[in-house]
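I opened this model to look up how its strands pair and where nonpolar side chains gather on the surface. My notes follow in the order I checked things.

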Amino acid sequence: QLRNTHWMGDLPDQVKTAPLCSLSIPGSHDSFTYSLERSGSAGPDQPEWIRKLTKKFPQISCWILYKWSVTQGRSLIDQLESGIRYFDIRLEAVGAEGEREFRILHCLLGTRVKEML
């Protein structure tokens, strides 16, 4: 398997001193969607009608939302080892009674950010 863990260190000197805005940095879209949970309910980023529909038909909607939402199958470590250096992170602060925690979000809720660090 191809590993590009240290590709940035192997860049030519003229590229290492170039402004960041002139570089093309490999990234991933919805980077942490591999951690989404098949909860059967739509996340808070979804329109009200989708949230209502998923409550009425939780099993089928869970399957559809999961297929629709997961855009990455590789973990954070796997993506870093593959050379990814830009991450598209979508978060939601969820919780009750004043206690809030950040979780990955893309149609469904994913893992807690604390668990990823």
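I began with strand 4 and strand 5 (residues 108-112), which pair in the antiparallel sense over three bridges. I am working from a predicted model. At the turn I found histidine 106 opposite leucine 108 in strand 5. One residue lies between the strands of this hairpin, and I noted that cysteine 107 takes a positive phi near 75°.

I then went back to the pairing of strand 3 (residues 91-96) with strand 4 (residues 99-106), also in the antiparallel sense, over six bridges. Here alanine 96 stands opposite glutamate 99 in strand 4. This hairpin has two residues between the strands, and I noted a positive phi near 55° for glutamate 97.

Next I turned to the surface. Which residues form the nonpolar patch? I listed Trp49, Leu53, Phe57, Ile60, Trp63, Ile64 and Trp68, with about 800 Å² of accessible area together. Helix 2 (48-56) and helix 3 (58-69) are the elements that give two or more residues to the patch. Helix 3 gives the most, with four residues.

I picked out one residue of the patch, tryptophan 63, which I found in helix 3. Is tryptophan 63 buried, partly exposed or exposed? Its relative accessibility is 46%, so I entered tryptophan 63 as partly exposed; the class runs between the cut-offs of 20% and 50%.

Note on methods:
Residues are numbered from 1 along each chain as its sequence is written. This is a predicted model: local features need pLDDT of at least 70, side-chain atom pairs count only at pLDDT 80 or more; totals for chains, interfaces and linings use all residues. Side-chain values use heavy atoms; hydrogens and water are left out. Two strands pair if DSSP finds at least two bridges between them. Patches are made of residues with over 30% relative accessible area and no salt bridge: like charges are joined within 9 Å, nonpolar side chains (Val, Leu, Ile, Met, Phe, Trp, Tyr) within 5 Å. Accessible areas come from the Shrake-Rupley method with a 1.4 Å probe; for residues, only the protein chains shown count as cover. A salt bridge is a side-chain nitrogen of Lys or Arg within 4 Å of a carboxyl oxygen of Asp or Glu. Buried means under 20% relative accessible area, exposed over 50%, partly exposed in between (1.4 Å probe, protein chains only).
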